[in-house]
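Subject: Structure handover

Hi,

Here is the structure for you to look over. My notes follow below it.

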Amino acid sequence: MVSRRGVLVGGAVVVAGLFGRPASAEGPAVDPFTLGIASGDPTPDGFVIWTRLAVSPMAEDGLGGMADRAYEVWWQVAHDEHFTRLAASGMSWAEPSWAHSVHVEPRGLEPGREYFYRFGVDRWTSPTGRTRTAPSRATLPTSLELAFLSCAQYEHGFFTGYRRIAESEPELIVHLGDYVYEYAAGVYNAPSGNVRDHAGPETQTLADYRQRFAQYKLDPDLQAAHAVAPWAVVFDDHEVDNNWAGPVPERPNPRFERRRTAAMRAYWENMPLRNARQPRGTVLPLHRRVRWGQLATFHLLDTRQYRDDQGCGDGYRDCPAASDPARSILGAAQEKWLLEGLRRSGATWDVLAQQVFFAQRDRDPGPVLSTSQDAWDGYAASRRRVVQGWLDAKVRNAVVLTGDVHAHWAADVKLDFADPHAPVVGSELICTSLTTGGDGADSDPATHPFLGHNKHLRFYNGQRGYVRATVTPAELSADFMTLPYVHRAGAPAQRKAGFVIADGVPGLQRRYLRPFAGPQSLSPQDQADHTVWAETERP
Ligand SMILES: [Fe+2]
């Protein structure tokens, strides 16, 4: 075992010698670990651990008040939270050109186990994070505890949902996009009113995006969720610009290439992504896989960078371009990559973790098809190729995870949604937003207008929350968690509905549905009774 002093001195000499850089002159005068720590993308022998130094995180130049030079950062990975048994350690550099972020990829760790990690610079030590390696490829783990979420507009609500996720101690957290929003303060308002303001203008420059990420990352509930488990992240639109499509911005913008370049760079700098994901120009190679032994393969998709522009001017339309086989939401290369990966996976569960609604969602009760051109409905031929691909590959269980729509939904997936007799061939679990849209309201799924004429849509709820899932060789069980309010901190998380997908049986089986309670928030007594997420709530 190497003592921390030994790591510091030995590592500093080696690193400085290798790269010929001067050792840091003076350390920061105040704690630079204001933005927390994070980990992600676990493999059987490692993961990436992340931090970003910022003594003055809200500095308008985006550089967090750090000097314009590299800082030496030590890191440790240990078997225990007191760091008495180190598993790996070393030195890294926090460079000003990457906003003093640190992305370290420890290797040679043991599969399928928990680790603790931390960083240090000069006399400052970061908070401790907990993470884990993925199980080895050959094993079939007995279970995986998963949480997934999307859409955390900072102004629309407090990040209590992140706190509740942390308290439930999942083994893996999947973030499906809209981790930050681009708007200036007060431009995008929740119906229940905004509870806090974005700093800075609508994000356009690298400094803007860096400052915006810093503002979000200062939130203690967000930091708690990062500290509890490894994350697998994908971005959606608001990390760049509402409803962008490859080179096409929402509204004409001659500087959009520069904006994308800045947004991609800031996203990588602020996320637990591996060095192989570092952006070049406008492109951040986001699509990748996380494997959980033989139990699950997560195909993390990118439905923004390579898509064709939305048809018919976007919005809900009956749009001929939607069924044009020449158009794709993934782009040809990623589509091929996905289909090959489905053929090779061999996992019990193949999970497509992605951004926008996958199943058909027709807004018109009559014969007209009115669907969202920003979702897979706007790229129906692309969707059909993916579903046909998993059928051809004889994928054992295909499950799509989705964010974006700011409501909980659950859907059975078909190859042909127009045919009422078409068999169910997969399932989709759509998580509501963590905060976007404000409090929302409890809703009776029986009365939602879409559910009457979209029979494959099985559940809807308009509150805020996230989804918890337990994946085993026998079933995937999902709990749709809701928070009765986000305009104040401290809401309890409640199980609103539960669905099960049985191994080898495509489609959703409802396990429970909490009765519609009316659109009111909990009474003060209920709030007092539920301040901690209660395991006993499970029916
Ligand atoms: Fe969103």
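Start with the hairpin strands: eight bridges join β21 to strand β22 (residues 475–483), and the two run antiparallel. Helices (H or I, at least four residues) and strands (E, at least two) are DSSP runs, numbered from the N terminus. Two strands pair if DSSP finds at least two bridges between them. Three residues lie between β21 and β22 in their hairpin. Gly465 stands opposite Thr482 in β22.

Before the rest, the ground rules. This is a predicted model, where local features need pLDDT of at least 70 and side-chain atom pairs count only at pLDDT 80 or more, while totals for chains, interfaces and linings use all residues. Residues are numbered from 1 along each chain as its sequence is written, and side-chain values use heavy atoms, with hydrogens and water left out.

Back to β21 and its other partners.

- Strand β9 (residues 144–149) is joined to β21 by five bridges, antiparallel. Glu145 has Thr470 of β21 as its bridge partner.
- Strand β18 (residues 408–414) pairs with β21 over four bridges, also antiparallel. Here His408 is matched with Asn461 of β21.
- Strand β20 (residues 440–441) pairs with β21 over two bridges, in the antiparallel sense. Ala441 has Gly462 of β21 as its bridge partner.

Strand β21 (residues 457–471) has 13 of its 15 residues buried (under 20% relative accessible area, 1.4 Å probe, protein chains only). It is therefore largely enclosed by the rest of the structure.

Next, a helix pair. Helix α3 (residues 206–217) packs on helix α5 (residues 256–270) at an angle of about 35°, with the axes 8 Å apart. Axes are lines fitted to C-alpha atoms over the stretch in contact, and angles run from 0 to 180 degrees between N-to-C directions. In α3, Leu206, Tyr209, Arg210, Phe213 and Lys217 make the contact (heavy atoms within 4.5 Å). Their partners in α5 include Arg259, Ala262, Ala266 and Tyr267.

Finally, the whole chain. It has nine helices and 24 strands. Of its 539 residues, 61% count as buried. Its C-alpha atoms fill a box of roughly 70 × 55 × 50 Å along the principal axes. Of the contacts in the chain with a separation of 6 or more, 70% are between residues 24 or more positions apart.

Best wishes

Note on methods: Buried < 20%, exposed > 50% of the residue type's maximum accessible area, 1.4 Å probe, protein only.
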